[in-house]
2 protein chains.
Amino acid sequence: MPEPAPEGLDRFDLAILAILQRDNTVPHRVLGERVNLSAAAVHRRVRRMEESGVIIGNFAAVDPARVGQPITIVVEVQVESERLDLLDAAKRSFAADLAVQQCYYVTGEADFVLIVTVASMADYDALTRRLFFENHNVKRFRTLVVMDRIKAGLAVQLPDQNPERI
Amino acid sequence: MPEPAPEGLDRFDLAILAILQRDNTVPHRVLGERVNLSAAAVHRRVRRMEESGVIIGNFAAVDPARVGQPITIVVEVQVESERLDLLDAAKRSFAADLAVQQCYYVTGEADFVLIVTVASMADYDALTRRLFFENHNVKRFRTLVVMDRIKAGLAVQLPDQNPERI
DNA sequence: GTTGAAAGCTTATTGAA
DNA sequence: TTCAATAAGCTTTCAAC
């Protein structure tokens, strides 16, 4: 039985996470009511998870289309050489670019998958120049224009359900 | 000049968003100090942006590896038919699956790009069966296993900088 | 180690100007 | 918009389990 065994997290922690990753403005008092704990206990657990890195951060999600970036694009990038220093350079240049919302280094036919948002296709063209054509280690890239963001949050599936109610 | 022209958002709003999408626990008082506004003014702007949908939501980001899901996979899915009802059925089944963190409907060689997190490759195998093999409209899918999440948040690039300081 | 309750402090929120 | 007052939440302390 290869149980995931979340290190040191009990069902209360997981129940709290399940709520916070959907809405972190829920007061500790309400969290306590939902998981059957006092607000103080909830607070301690939340702080511990923040300090230990289980909770990476607390964010407001902004609609890209409402701040002048209506176009989302998925880009697959293939590199020439997988030399470590060249890969690191690519990682750094991708991660540093403000238009790059997400960047994954992957196995398979592609080496990187980027998710970028831009104001216009002209801006995307400029992005391809500065990130891909100017990087001689980029062999080719594939552009997949997003027509519908069906699910774009960063909620994480949690292995457990609510703790039982009294 | 195709200026993005974020509808009704001024530089104060954008400066506030730039901070909140990195950390929405910053108090309104501190936000006010950074953008040169009172806490009450910041509060009103934040609420207006939440109500108007500029701010989609407020989330705690959870590290998938710490909650029993150490494997992230990017999947490209190609369908047989682009009939609307079949596409909608696929969208719904992808979006409804808890393991699917993100789902984009795209143009190009692929039709969907999914980002999934799983506890094990056995779990991924089960996912491919229930989402792809059991859906007869899925022609083929390509698996790209993520080796490094270089940038995985959902921060959005904002078109403007801080308002000037006094 | 853990918890819940109460205190004091900080922040959010509302209304007046 | 700012300021001031109230309401609400956060955080710490403490006694107890």
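**Exercise 1.** Which backbone nitrogen lies 2.8 Å from a polar atom of the side chain of B:Asn137? Locate B:Asn137 in the predicted model, and describe its surroundings.

*Solution.* Begin with the position in the chain: B:Asn137 lies in the loop between α5 (121-133) and β5 of chain B. Next, consider how much of the residue can be reached from outside; its relative accessible area is 7%, and because buried means under 20%, B:Asn137 counts as buried. Then look for its contacts beyond the neighbours within four places in sequence, which are B:Gln78, B:Val79, B:Glu80, B:Ser81 and B:Leu86. One of these residues, B:Ser81, supplies the backbone nitrogen asked for, placed 2.8 Å from a polar atom of the Asn137 side chain in chain B.

**Exercise 2.** Find the distance between the salt-bridge partners A:Asp97 and A:Arg130, and explain which parts of chain A the pair ties together.

*Solution.* The general idea is that side chains of opposite charge can pair when their charged atoms come close. Here the side chains of A:Asp97 and A:Arg130 meet with 2.6 Å from N to O, which is within the 4 Å needed for a salt bridge. The second step is to place both residues: A:Asp97 belongs to the loop between α4 (84-96) and β3 (100-106) of chain A, whereas A:Arg130 belongs to helix α5 (residues 121-133), so the pair ties together parts that are 33 residues apart in sequence. Finally, compare the accessibility of the partners: A:Asp97 is buried, with a relative accessible area of 10%, while A:Arg130 is partly exposed, at 39%.

**Exercise 3.** Set two salt bridges of chain B side by side, B:Glu33 with B:Arg29 and B:Arg142 with B:Glu76, and state where the partners of each lie.

*Solution.* Take the distances to start with: the closest N and O atoms of B:Glu33 and B:Arg29 are 3.1 Å apart, and the side chains of B:Arg142 and B:Glu76 meet at 3.1 Å, N to O. The second of these pairs links distant parts of the chain, since B:Arg142 is in strand β5 (residues 138-151) and B:Glu76 in strand β2 (residues 71-79) of chain B, 66 residues apart. Both B:Arg142 and B:Glu76 are buried. By contrast, B:Glu33 and B:Arg29 both lie in helix α2 (residues 28-35) of chain B, four residues apart, or about one turn of the helix.

**Exercise 4.** How many salt bridges are counted between chain A and chain B, and what does the side of chain A that touches chain B consist of?

*Solution.* Start from the extent of the interface, in which 71 residues of chain A are in contact with 71 residues of chain B. The area buried between the chains is about 6,600 Å², and carbon and sulfur atoms give 57% of that area. Turning to the polar side of the interface, six salt bridges are counted between chain A and chain B, and A:Arg142 forms a salt bridge with B:Glu76 in which the closest N and O atoms are 2.6 Å apart. There are also 39 residue pairs in polar contact between the two chains, both residues being at pLDDT 80 or more. The elements of chain A that give two or more residues to the side touching chain B include α1 (11-20), β1 (55-62) and β4 (112-118). The largest share, nine residues, comes from β5(A). To finish, sort the residues on this side of chain A by type: 41 are nonpolar, 17 polar and 13 charged.

Technical notes: Residues are numbered from 1 along each chain as its sequence is written. Chains are lettered from A and ligands numbered from 1 in the order in which they are written. This is a predicted model: local features need pLDDT of at least 70, side-chain atom pairs count only at pLDDT 80 or more; totals for chains, interfaces and linings use all residues. Side-chain values use heavy atoms; hydrogens and water are left out. Buried means under 20% relative accessible area, exposed over 50%, partly exposed in between (1.4 Å probe, protein chains only). A polar contact is a pair of N or O atoms within 3.5 Å; within protein, one must be able to donate a hydrogen and the other to accept it, and residues adjacent in sequence count only if both atoms are side-chain atoms. Contact means heavy atoms within 4.5 Å. Buried area is the accessible area (1.4 Å probe) that two parts lose on being put together, summed over both. Ala, Val, Leu, Ile, Met, Phe, Trp, Tyr, Cys and Pro count as nonpolar, Asp, Glu, Lys and Arg as charged, and the others, Gly among them, as polar.
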